[in-house]
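This briefing introduces a protein structure to a reader who has not met it before. It takes up one sheet and its helices, then a pair of helices, a single residue and the protein as a whole.

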Amino acid sequence: MPVEATTGSYDAQQIQVLEGLDPVRKRPGMYIGSTGQRGLHHLVYEILDNAIDEVQAGHADTVQVELDLDSRWVTVSDNGRGIPTDTHPATGRSALETVLTVLHAGGKFGGDDSGYRVSGGLHGVGVSVVNALSEHLEVTVWRSGREYQQRFERGRPASELESRRLPRGAPLRTGTCVRFLYDAAVFAATAAFDAETAPEGEGWEVLACPGGLRDYVTYLNRDRQPMHAPIFLSEEVDGVGVEAALQWCSDGYSDNLVGFVNSVKTLDGGTHLDGLKAALTRTLNAVGRKTKALKEGDANLVGDHIREGLATVLAVRVPNPEFEGQTKTRLGNPEVRKLVDGVIASGVADALEAEPAIASSVLGKALQAARAAEAARKARDLVRRKSVLTRSTLPGKLADCTSTDRADSEIFLVEGDSAGGSAKQARDRRFQAVLPLRGKILNVERNTDAAMYKNEEIAALIVALGLGLKGDAVPALRYGKVILLTDADVDGAHIRTLLLTFLFRYARALFEDGHVYVGVPPLYRLEVGRSSQYLYSEAELQTALGGRDHSSVNIQRFKGLGEMMPEQLWRTTLDPAARTLRRLTIADAAEADALFSLLMGDKVEPRRALIQAHGARLSLAQLDI
């Protein structure tokens, strides 16, 4: 029996057709990944990729990026050929206006006819997406002795294309300059440019340095102990160029693989890195058998053990790359895997045969990693037999929530029983769990996996969060938000860093999937007469004081969460409607890996240099001791 609709009809009138750049403004995440900082940086990369393509094609040798953090304006310029400005036959508008206002309009669909043998900008949407998501965008082009300019607002032309001849006697100039102001109405209020992330995170600047990939891999290992000079490989096979630099370090416990396709950094890897991993595993095992480092009857070394301590930069030049999505974070070409595999396998085999000492040291480290993994497995099995890693027995000190829906539940990791007691009283037990930790957890950067699994606090974390084994995916994660909530003092910062180190080394997927947060408790409570307010920084306090004499007000400084009444803690830090949370993501895993090694590793000198460099910016009055 048919059921009558009660909420209105659904017919052709409900089907919307978005035109021009409206799809970009309606669903920006589809084109730039997110409307947070990563998406904001992606706007810069889209313009930058076009400039780098001119360099790769041999039409330019200079690219400049200017970032004005105060005004939010970004300027990217190059000395390439300049975007064409003549009338496009299909649109009746200039080619310049066409590529800025029409999706899938660009010069990289036709192969060598456009002068781009390889390129990072492939889909013809990059510059138009930036235009759509900018309050204002200005383009200047120099071609054929003339200067062309046009302005746009939120993707629409705000002026006609203007042209003027360059002054007589002026040097002939060619190139393109794009200047844009991102639309604050589109991006999250907390999104802001990071001047250090923009160039270094993309990696394009380092690729252009005098030593190329050799210098880049040396840079990645700057705070570690390299076992040999970088191994450099370069070959072109079937029109695909492959370059790689590899260097193992004696004090590294994880690998650090950085991949590029046509100078675009592939943050999520792809077939080129898959080929590299396969080649290394097969080649090192073959060398191990040949040199008798692996005895008859010994099991082959697995890839994780072979790559332990390895830093690699792999750059491939692919005429027709297939990226998974517009953000180009993962390469999909299946044929590239085979080509990279062959180049890496033969190149590494030749390098190790020429330098037997390198082969011996690398295999020795891999065997040591395999033995450590076996010890960790035994420790893990022992812990499992004691029901520590099973989900049947949750830690007794965990105050769990009643909700079993991961998407709606969250857990606060707090330091000590005092803070734990306040948080347990303040929380909404329907969806908020609290796990108090005793003291400072083990520094996993300086300890083996076996020692880690034996640590009671870490075992409690693993079970409470539902993490499973190290390096695994986290399908059994019990909470959608893992919130680190520590005191606003030196010890609290140290405990937070220890927790972040553990989570990054044990379950990096937590960061990649956006599950890790830091809670921000207030530093002060200011009472003026009968009114009071909570303040989260020294700057906020000074603004609120407005020049008042301290004797005329009451200022309470919260040194620890345990000092706060449950009602205060709820209102300022736990209440989803009023609190401030900072989501921690990994824009650049290579940089994060290096930073954890620097901060928490056993090398003192690099850490001392970091403290001296940044400590010089602080006065004694700024230190909260």
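**The five-stranded sheet**

In this predicted model, five strands make up an open sheet with mixed pairing, arranged in the order β14-β13-β15-β16-β20. The edge positions belong to β14 (432–437) and β20 (581–583); each has a single partner strand, so one side of each is left without a neighbour in the sheet. From one strand to the next, the twist averages 25°.

**Pairing of β16 with β20**

- Strand β16 (residues 516–519) and β20 run antiparallel and are joined by three bridges.
- Within this pair of strands, Y517 stands opposite R583 in β20.
- In general terms, the strands of a sheet pair through backbone hydrogen bonds, and they do so either parallel or antiparallel.

**Helices on the sheet**

- Helix α15 (residues 456–465) lies across three strands, namely β13 (410–415), β14 and β15 (481–485). The direction of α15 is at about 170° to β14.
- Helix α16 (residues 490–506) also packs on the sheet, where it touches β13, β14, β15 and β16. Between the directions of α16 and β15 the angle is about 150°.

**A residue between α15 and β15**

- The loop that connects α15 and β15 contains R478.
- Is R478 buried or exposed? R478 has a relative accessible area of 17%, and it therefore counts as buried, the cut-off being under 20%.
- R478 and R406 are separated by 72 residues in sequence, yet their C-alpha atoms are 5.6 Å apart in space.

**The packing of α9 and α11**

- Two packed helices are described by the angle and the distance between their axes.
- For helix α9 (residues 271–290) and helix α11 (residues 334–354), the axes come within 7 Å and cross at roughly 35°.
- The crossing of α9 and α11 is right-handed.
- On the α9 side, the contact residues include L276, A279, L280, T283 and V287; on the α11 side, they include V336, V340, I344, V348 and L352.
- By type, the residues of this contact between α9 and α11 comprise 14 nonpolar, four polar and four charged.

**The protein as a whole**

- The protein contains 21 helices and 20 strands.
- It has 625 residues, of which 48% count as buried.
- Of the contacts between residues at least 6 apart in sequence, 69% join residues at least 24 apart.
- The exposed area of the protein is about 30600 Å², and carbon and sulfur atoms supply 50% of it.

Note on methods
Residues numbered from 1 in each chain as written. Predicted model: local features only at pLDDT ≥ 70, side-chain atom pairs only at ≥ 80, totals over all residues. Heavy atoms only, no water. Axes fitted to C-alpha atoms, helices over the stretch in contact; angles between N-to-C directions. Helix = DSSP H or I, 4+ residues; strand = E, 2+ residues; numbered from the N terminus. Left-handed = near helix turned anticlockwise from the far one by under 90°. Contact = heavy atoms within 4.5 Å. Nonpolar A, V, L, I, M, F, W, Y, C, P; charged D, E, K, R; others polar. Pairing = 2+ DSSP bridges. Buried < 20%, exposed > 50% of the residue type's maximum accessible area, 1.4 Å probe, protein only. Areas by Shrake-Rupley, 256 points an atom, 1.4 Å probe, with all protein chains shown as cover.
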